[in-house]
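Thanks for making room for me this morning. I would like to walk through one structure with you, a piece at a time, and please keep the picture in view while I talk.

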Amino acid sequence: MTDLFDKFDPMIALRESVRGPGREDPFGLVMEKVISPTVAICNGRETILLGTYNYMGMTFDPDVLAAGKAALDQFGSGTTGSRVLNGTYAPHKDVEAALREFYAMDHAMVFSTGYQANLGIISTIAGKGDYIVLDIDSHASIWDGCKLGDAEVVPFKHNDITAMEKRLKRIPEGAGKLVVLEGVYSMLGDIAPLKDMIAVAKANGAMVLVDEAHSMGFIGPNGRGVAEDQGALDDVDFVIGTFSKSVGTVGGFCVSNHPKFEILRMACRPYVFTASLPPSVVATAATSIRKLMHAGDKRAHLWENSQVLHGELRARGFTLGTETPQSAIIAVIMPDLDRGAAMWQALMKEGLYVNLARPPATPANMTLLRCSLCAEHSAEQVQTIVGMFERAGKSVGII
Amino acid sequence: MDRAEIAAKVAELIAPFNKKGVTIKDASTFAGDLEFDSLTVMDFVAAIEDEFDIIISMNQQAEIETYGQLIDAVVKLQGPA
């Protein structure tokens, strides 16, 4: 008998190599207690959280928590059903209304996770004979959406407008075209030149989908994302987003002005064949989204945090993923996986949690320590974080 | 371009990607013999696409395992000369 698990041997070896004897497991972290959006107890140690995507710190907002508790009491713990059968409650309709208000768009469709939103929308709207043109550094959920569907998949070099345009121009006449882009790319925290890319996509007759998972609530005058910030949101056909970052809970969505959009509720299998979100989750999301519409001060403080951390880490000799701070993600590039894992351990001992990102999830096979800032990180916490990085970096010999 | 001309051009384009100097035959595989990783595949495919002004979608790439199959695919995608 062939052991079907033999194929995982390289992955098992890699996992063992980063875990090692006496080391904490970067992929097996347990938060024993969560004190606030920025602090938790991990392995008995008080730990500053710098890798949670909790950009706007909404997870302990009193109004958000109250909305969730009320919905739990009124609607129970779960829907036990699909959105198109018994799984649509008043709070599900309300969170879709909140999204339409937030984006000033005609339609909003909520999925059980952000992953399923990309999986469902991309695989459903691009069918046999259509072409999907996408950035090579796209998130796994976008790639999996391509794989689930029947369209021809054509990647282009990261953020390369010319490479994208050449591919669009080679697509056979009459074929449907979908260009898939992201506002913020989560590995390096860099943004896309969306205005120019969207203009090229439109000039070549393509529909445009932009994943704004890592920019919602934070980037753009109304927190609608990078496309809004660059004045290009009106030309985006579909915005994909998530509740599991700035919104502070779980769930995914697509908003659109397409007149036939609502038919996707029937056609989209990852929407139909799964249970809807618990009513308490959508109630917290709706409250959070409406509060994010008036969060200008928090946005300003988050930018400040991002700028300070970027500047201070650079000044201490760390190599970062971007020349300038472009989002709330700051990626610290490690020389190799070994020293990256050692640095991660050293930071944990200091009381700081960041994400260890490694190939194949990373571009160009890099090992990254990915930091995501929160609007609730105080200026003092950011300075504490800088000190932790400096000590850990010296002890591991990276700076 | 006929097959021989296309094969000559592809041979020229693959040279900078053949870092180990492997002797390339029609049966040579990209993943095995040439040890191309996904980034190398993307850059090499882009070079071929730009040279011949064609698209080789990921769906088509999945069917191309050997050097000979690539030449055949380019010949086909180029259409009748």
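Helix α1 of chain A, residues 9-19, is hardly covered, since the count of buried residues among its 11 residues is one. I should say at once that what you see is a predicted model, and that every value I give you is computed from that model. Just after α1(A) comes G20(A), and the phi angle of G20(A) is positive, near 55°.

Let us move on to the sheets of chain A. One of them is an open sheet of four strands, which stand in the order β1-β2-β3-β14 with mixed pairing. The strands at its edges are β1, residues 31-36, and β14, residues 352-353, and each of these pairs on one side only. Inside this sheet, β2(A), residues 39-42, and β3(A), residues 45-49, pair in the antiparallel sense over four bridges. If you would like a residue to look for there, take V39(A), whose bridge partner in β3(A) is I48(A).

For those new to sheets, strands pair through backbone hydrogen bonds, and they may do so either parallel or antiparallel. The parallel case can be found in another sheet of chain A, an open one of seven strands in the order β4-β12-β11-β10-β7-β5-β6, where the pairing is again described as mixed. Its edge strands are β4, residues 107-111, and β6, residues 152-156, each pairing on one side only. On average, neighbouring strands of this sheet are turned by 20° against each other, with direction ignored. Within it, β7(A), residues 177-182, and β10(A), residues 207-211, run parallel and are joined by five bridges. Here the residue to look for is E182(A), which has D211(A) as its bridge partner in β10(A).

Now to a single side chain position: is L347(A) buried or exposed? It is buried, because 27 other C-beta atoms lie within 10 Å, and the cut-off for calling a residue buried is 20 or more. L347(A) sits in helix α13 of chain A, residues 337-350. Leaving aside residues up to four places away in sequence, L347(A) touches L352(A), V354(A), M388(A) and A392(A). By contrast, K291(A) is 56 residues apart from L347(A) along the chain, and the C-alpha atoms of these two residues are separated by 33 Å.

Chain B is built from four helices and zero strands, so that reading along its sequence gives the pattern α-α-α-α. Its radius of gyration is 12 Å, close to the 12 Å that the globule rule gives for 81 residues, and therefore chain B is as compact as a globular protein of that length. Along its principal axes, the C-alpha trace of chain B spans about 35 × 25 × 20 Å. Of the 81 residues in this chain, 17% count as buried. If we take the contacts in chain B between residues at least 6 apart in sequence, 58% of them join residues at least 24 apart.

Finally, how many residues does each chain bring to the contact between chain B and chain A? There are 10 residues from chain B and 12 residues from chain A. On the side of chain B that touches chain A, the elements giving two or more residues are α2(B), residues 38-52, and α3(B), residues 58-61. The largest share of that side, four residues, comes from α2(B). Sorted by class, the same side of chain B holds six nonpolar, two polar and two charged residues.

Technical notes
Residues are numbered from 1 along each chain as its sequence is written. Chains are lettered from A and ligands numbered from 1 in the order in which they are written. This is a predicted model: local features need pLDDT of at least 70, side-chain atom pairs count only at pLDDT 80 or more; totals for chains, interfaces and linings use all residues. Two residues are in contact if their C-beta atoms, placed from the backbone, lie within 7 Å. Ala, Val, Leu, Ile, Met, Phe, Trp, Tyr, Cys and Pro count as nonpolar, Asp, Glu, Lys and Arg as charged, and the others, Gly among them, as polar. A residue is buried if 20 or more other C-beta atoms lie within 10 Å of its own, exposed if 12 or fewer, and partly exposed in between; C-beta atoms are placed from the backbone. Two strands pair if DSSP finds at least two bridges between them. Axes are lines fitted to C-alpha atoms, for helices over the stretch in contact, and angles run from 0 to 180 degrees between N-to-C directions. The radius of gyration is taken over C-alpha atoms; the globule rule is 2.2 Å times the number of residues to the power 0.38.
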